[in-house]
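Reader: I would like to go through this fold step by step. Can we take the sheet, the cores and the charged pairs in turn?

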Amino acid sequence: MARVALVTGGTRGIGAAICKALKAAGYSVAANYAGNDAAAAKFTEETGIPTFKWDVSDFAACQAGIAEVTAKLGPVDVLVNNAGITRDGMLHKMSPENWHAVINTNLTSVFNMCRNVIEGMRERNFGRIVNISSINGQKGQMGQTNYSAAKAGEIGFSKALAQEVAKKGITVNAICPGYIATEMVLAVPKEVLEKSIIPQIPVGRLGEAEEIARCVVFLADDAAGFITGSTLAANGGQYLT
Ligand code: NDP
């Protein structure tokens, strides 16, 4: 039986690349998404990967969604917490709504999802959890106190849970992508990308979603059991820890 992988925010951008790479590696893959039905339908048409719609910031919705995935594909062996949003703004102008939206979608979602798969993984003595954090959670980014806090939180969460479940055959790791060419980044004006962002990246280009997907496939592998609590930077040399 193929191992089952669930990817949140799996229908677009980095998540879609992760789903495709896991499928190519032999996993039975489920892609969650929030509300863009057209993108989800196009994704399933292109990949054959089933999609499941729920809001990862809602605990009860995660519980129900994971139950649905389990009923259709089997228990979740690999969980990739990838869903994320930005609501940028300087702190002195940031609304409480934009603070909470980013914390809830990027960080509380990781609790919601992990809490609802962890008991099954413990019982089966196997699990792989990969949290997609960000370079901006490592170095901080002006205009992103909410996002930087959420992404740094994902790293701390991963390290803590990794220790809790290490003896149960479950690994928990974080990946910190730098600037990746997805809709989230390509929404930045071209001039800003070319004049101020790309020059900060030693490899001289944006990353590709597939380059993050390769990291996930590596960490999800049965043979990656000794790698846990780690933070894998994939940022073109932009920030070295
Ligand atoms: P995209 O905006 O391209 O895609 C986001 C995905 O997340 C979509 O599938 C979206 O669903 C889903 N999503 C958003 N909110 C929710 C929610 N509440 N519940 C369920 N699903 C949700 O993002 P990227 O591919 O650019 O980013 C993916 C991850 O990588 C994020 O965590 C991001 O922070 C991180 N990252 C991205 C970088 C980049 O350069 N792009 C750099 C570093 C980190 P729908 O289509 O329905 O809206």
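Author: What follows is a set of questions and answers on a predicted model.

Reader: In what order do the strands of the open sheet run?

Author: The sheet is open and has seven strands. Their pairing is parallel. Neighbouring strands are turned by 20° against each other on average, direction ignored. The order is β3-β2-β1-β4-β5-β6-β7.

Reader: Which strands are at the edges?

Author: An edge strand here pairs on one side only. That applies to two strands, one of them spanning residues 231-234. The edges are β3 and β7.

Reader: What is the bridge partner of Leu6 in β4?

Author: β1 and β4 pair in the parallel sense. Three bridges join β1 and β4. The partner of Leu6 in β4 is Leu79.

Reader: At what angle does α1 run to β1?

Author: Helix α1 covers residues 13-24. α1 lies across β1, β2, β4 and β5. Its angle to β1 is about 170°.

Reader: And which strands does α2 lie across?

Author: α2 spans residues 37-47. α2 runs at about 165° to β3. The strands that α2 lies across are β2 and β3.

Reader: Is Ala24 buried or exposed?

Author: Ala24 lies in helix α1. Its C-alpha is 9.7 Å from that of Val217, although the two are 193 residues apart in sequence. The cut-off for exposed is over 50% relative accessible area. Ala24 has 70%, so Ala24 is exposed.

Reader: Which element supplies the largest share of the largest nonpolar core?

Author: Nonpolar side chains tend to be buried together in soluble globular proteins. The core here has 26 residues, and Ile18, Leu22, Val80, Ile132, Ile175 and Val216 touch the most other members. β1, α1, β2, β4, β5 and α9 each supply at least two residues. The largest share, seven residues, comes from α9.

Reader: Which residues does Ile175 contact, leaving aside its neighbours within four places in sequence?

Author: Ile175 is one of the core residues that touch the most other members. Its contacts beyond those neighbours include Val130, Asn131, Ile132, Ser133 and Ser134. The others are Ile212, Cys215, Val216, Leu219 and Leu232.

Reader: How many residues does the second core have?

Author: The second core is separate from the largest one. Trp54, Val56, Val76 and Met121 are among its members. Its size is 24 residues.

Reader: How many salt bridges does a search of the whole structure find?

Author: Side chains of opposite charge can pair when their charged atoms come close. One pair is Lys53 with Asp37. Another is Lys72 with Glu68. The search of the whole structure finds eleven.

Reader: How far apart in sequence are the parts that Arg3 and Asp77 tie together?

Author: The side chains of Arg3 and Asp77 meet in a salt bridge at 3.6 Å, N to O. Arg3 lies in the segment before β1, and Asp77 in the loop between α3 and β4. The pair therefore ties together parts separated in sequence by 74 residues.

Reader: Is Asp77 buried or exposed?

Author: Its partner Arg3 counts as partly exposed, at 26% relative accessibility. Buried means under 20% relative accessible area. Asp77 has 10%, so Asp77 is buried.

Reader: Which residue is linked with Arg3 and Asp77 in a network of salt bridges?

Author: Arg3 and Asp77 form a salt bridge with each other. Their network has one further named residue. That residue is Asp222.

Reader: What separates the closest N and O atoms of Lys53 and Asp37?

Author: Lys53 sits in strand β3 and Asp37 in helix α2, 16 residues apart. Lys53 counts as partly exposed at 47% relative accessibility. Asp37 also counts as partly exposed, at 39%. The closest N and O atoms are separated by 3.0 Å.

Reader: Why are Lys72 and Glu68 separated by about one helical turn?

Author: Lys72 is exposed at 57% relative accessibility, while Glu68 is partly exposed at 37%. Their side chains meet at 3.2 Å, N to O. The separation is about one turn because the two are four residues apart in helix α3.

Reader: What is phi of Asn125 near?

Author: Most residues other than glycine have a negative phi. Asn125 is in the loop between α4 and β5. Asn125 is partly exposed, with a relative accessible area of 46%. Its phi is positive, near 55°.

Methods:
Residues numbered from 1 in each chain as written. Predicted model: local features only at pLDDT ≥ 70, side-chain atom pairs only at ≥ 80, totals over all residues. Heavy atoms only, no water. Buried < 20%, exposed > 50% of the residue type's maximum accessible area, 1.4 Å probe, protein only. Core = buried A, V, L, I, M, F, W, Y, C linked by side-chain atoms within 4.5 Å. Contact = heavy atoms within 4.5 Å. Salt bridge = Lys/Arg side-chain N within 4 Å of Asp/Glu carboxyl O. Pairing = 2+ DSSP bridges. Axes fitted to C-alpha atoms, helices over the stretch in contact; angles between N-to-C directions.
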